[in-house]
Amino acid sequence: MKFKPLSSVLGIEVSEVDVTNLSNDEFTELRMRWVESDGLAVIRGQTLTPHTQTEFSRRFGTLFGEADHFQDSVKPFLHPEYPTIYRVSNKKNTDGEALGRSRAGSYWHSDVSFRKHPAMASLLYGIEIPPVGGDTIFASQVAAYEALSPAMKTLLSPLDAVHDFRVAAQNSGTYATADLASGDFDGQNSYVHPVVITHPESRKKSLFVNPGFTSHLLDFDPTESAGLLNIVYEHSKRPEFNYRHSWRTNDLVIWDNRSTMHLAIQDYTADRYMHRSTVVAGQPAR
Ligand code: SIN
């Protein structure tokens, strides 16, 4: 295996590797380098079936679709034989049925942050990629936290924020009413997390609020909360904290939702078809 940095703030590109055929020592090294890079790995040229992707993803931990479940509106987009695989796509079958969730993640977010146990790693495998467009931007929330002024770190560190799937469902414009299920709003898709969390392995601090799913800061007046979150978001999306991934067929990208947030750019009309497996995290803590 070879490793090289993806950007000056986060990520590694891993080459000379077949993720379906890694010894325990090799997997441990890959995982360690991924954590050290603040949670982003690009591995090109992989050949993965839903089965081998699930097997590899399980090495990171328990998957959504196994012990824990995605929100109800995602269920139609799970792979019919592998409920651990979430299909992200703008494609339709010949009957006009969606083959995946279109426009998934077209707002800055960290996956499933509205759950008590949000997503730890997400592993997205590119099967069909448009000739142009369809990039995904990742922003290091470790770099964003570290670049805050001491006064802002002191202000944000003791705060808690409510995360709620409703925010994306109602505000992003990417969920049609028909896509939403009543179970989406039964209480399991809303949770309070610290605004600044400590990564359980690297012990680095990161910002853990995102425009996609964070509803408000606890104990603040709504206008104050919106104003303060807006300042944080303007900072946390800054280009110097970003890596922009231009997909190629057979790319596997693995990100850590506790130290990054991401945005899928909706600037394409050609077919895009991806398989995502998502690892369940422990409860984020300060
Ligand atoms: C996601 O947010 O998981 C989807 C990212 C992408 O489609 O690039």
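**Notebook: the ligand shell and helix α2**

I began with the ligand and listed its surroundings in this predicted model: V88, A104, G105, D111, S122, L124, T136, H262, A264, M274 and R276. Next I checked which elements give two or more residues to that shell, and I noted β5 (119-128), β14 (260-264) and β15 (273-280). I also sorted the shell residues by character, which gave me five nonpolar, four polar and two charged.

Then I stepped back to the whole protein chain. I counted six helices and 15 strands in its secondary structure. Along the principal axes, I found that the C-alpha atoms fill a box of roughly 50 × 45 × 35 Å. I looked up the radius of gyration too: the chain has 18 Å, which agrees with the value near 19 Å for a compact globule of 286 residues.

I turned to burial and contacts. Of the 286 residues, 43% count as buried. Taking contacts between residues at least 6 apart in sequence, I saw that 81% join residues at least 24 apart.

My last stop was helix α2, residues 50-58. Which of its residues are buried? I wrote down Q53, T54, F56 and S57. Looking down the axis of α2, I found these buried residues within an arc of 165°, so they line one face of the helix. A reminder to myself: an α-helix has 3.6 residues a turn, so residues three or four places apart point the same way. What do the buried residues of α2 pack against? I traced them to β5 and β15, and I had already met both strands among the elements that give two or more residues to the ligand shell.

Note on methods. Residues numbered from 1 in each chain as written. Predicted model: local features only at pLDDT ≥ 70, side-chain atom pairs only at ≥ 80, totals over all residues. Near = placed C-beta within 6 Å. Helix = DSSP H or I, 4+ residues; strand = E, 2+ residues; numbered from the N terminus. Nonpolar A, V, L, I, M, F, W, Y, C, P; charged D, E, K, R; others polar. Rg over C-alpha atoms; globule rule 2.2 N^0.38 Å. Buried ≥ 20, exposed ≤ 12 C-beta atoms within 10 Å, placed from the backbone. Contact = placed C-beta atoms within 7 Å. Arc of directions from axis to C-beta.
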